[in-house]
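I opened my notebook to look through one structure, piece by piece. Here is what I looked up, in the order I went.

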Amino acid sequence: MIHHDMLRAVIRDQKLYIRSFEENNCFTMDEFDVTSYTEASSRASYIEITCEQIQKSMDLVHGPIVKVAIFHEEHKDSIMIAIHHMSVDG
């Protein structure tokens with residue numbers, strides 16, 4: 001985030017604006033405890049739906065365009081890092 005300006009970018013008034021690292025909400029990180037899902041298929045479904053919701057919630061005007069989710073499972077943790085395609089492809 002500090003070294004890659006495009007990870008802090010937003011679009012305002014149809015212009016690219018690079019926010020400073022000190023501004024709030026340059027990225028989000030949410031943690032989810034999925035240990036209560038005993039069946040692997042229901043746990044996977046919950047993770048998939050949650051990841052889709054996180055990706056859909058990205059806002060190019062207000063940011064952030066980088067979102068992280070950590071899923072705590074019984075024997076492992078999984079991480080999703082979502083970066084808006086504008087930042088990666090742009």
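**Entry 1: the sheet**

How many bridges join strand 4 to strand 5, and do these strands run parallel or antiparallel? I noted first that I am working with a predicted model. Then I looked up the pair. Strand 4 covers residues 66–72, and seven bridges join it to strand 5. The two strands run antiparallel. I checked one bridge by name: Val 66 has Ile 83 of strand 5 as its partner.

As a reminder to myself, strands of a sheet pair through backbone hydrogen bonds, either parallel or antiparallel.

Next I looked up the whole sheet. It is open, it has three strands, and their order is 3-4-5. The pairing is mixed. Strand 3 (28–33) and strand 5 (77–83) are the edge strands, and each of them pairs on one side only. I also looked up the twist. On average, neighbouring strands of this sheet are turned by 15° against each other, direction ignored.

**Entry 2: the helix across the sheet**

Which strands does helix 1 lie across? I found strand 3, strand 4 and strand 5. Helix 1 spans residues 40–56 and runs at about 165° to strand 4.

**Entry 3: the chain as a whole**

I stepped back to the full chain. I listed two helices and five strands. Along the sequence, I read the pattern β-β-β-α-β-β-α. The C-alpha atoms fill a box of roughly 45 × 20 × 20 Å along the principal axes.

I then looked up burial. The chain has 90 residues, and 31% of them are buried. The chain exposes about 6,200 Å², with carbon and sulfur atoms supplying 53% of that area.

I also checked contacts between residues at least 6 apart in sequence. Of these, 50% join residues at least 24 apart.

**Entry 4: Met 29**

I picked one residue in strand 3, Met 29. Is it buried, partly exposed or exposed? Its relative accessible area is 46%, so Met 29 is partly exposed. Leaving out residues up to four places away in sequence, Met 29 touches Val 68 and Ile 70. I also looked up its distance to Ile 81. The two are 52 residues apart in sequence, yet their C-alpha atoms are 9.1 Å apart in space.

**Entry 5: a nonpolar patch**

Which residues make the nonpolar surface patch? I wrote down Ile 79, Ile 81, Ile 83 and Val 88. The patch has an area of about 380 Å². Strand 5 gives the largest share, three residues.

I looked again at Ile 83, which lies in strand 5. Its relative accessibility is 35%, so Ile 83 counts as partly exposed. This is also the residue I had noted as the bridge partner of Val 66.

**Entry 6: salt bridges**

How many salt bridges does the structure hold? I found two.

One joins Arg 8 and Asp 5, with the closest N and O atoms 2.9 Å apart. I checked both residues for exposure. Arg 8 counts as buried because its relative accessibility is 7%. Asp 5 counts as partly exposed, at 40%.

The other joins Glu 73 and Arg 43, and here the closest N and O atoms are 3.0 Å apart. Glu 73 sits in the loop between strand 4 and strand 5, while Arg 43 sits in helix 1, so this pair ties together parts that are 30 residues apart in sequence. Glu 73 has a relative accessible area of 14%, so Glu 73 is buried.

**Entry 7: backbone details**

Last, I looked up the backbone angles. Where does Asp 13 lie? I found Asp 13 in the loop between strand 1 (9–12) and strand 2 (15–18). Its phi is near 50°, which is positive, and Asp 13 is not a glycine. Asp 13 is exposed, with a relative accessible area of 74%.

Gln 14 lies in the loop between strand 1 and strand 2 too. Gln 14 is not a glycine, and its phi is positive, about 60°. At 80% relative accessibility, Gln 14 counts as exposed.

My final check was a peptide bond. Gly 63 and Pro 64 are joined by a cis peptide bond, with omega about -10°. Pro 64 is in the loop between helix 1 and strand 4.

Notes: Residues numbered from 1 in each chain as written. Predicted model: local features only at pLDDT ≥ 70, side-chain atom pairs only at ≥ 80, totals over all residues. Heavy atoms only, no water. Pairing = 2+ DSSP bridges. Helix = DSSP H or I, 4+ residues; strand = E, 2+ residues; numbered from the N terminus. Axes fitted to C-alpha atoms, helices over the stretch in contact; angles between N-to-C directions. Contact = heavy atoms within 4.5 Å. Patch = residues over 30% accessible without salt bridge, like charges linked within 9 Å, V, L, I, M, F, W, Y side chains within 5 Å. Areas by Shrake-Rupley, 256 points an atom, 1.4 Å probe, with all protein chains shown as cover. Salt bridge = Lys/Arg side-chain N within 4 Å of Asp/Glu carboxyl O. Buried < 20%, exposed > 50% of the residue type's maximum accessible area, 1.4 Å probe, protein only.
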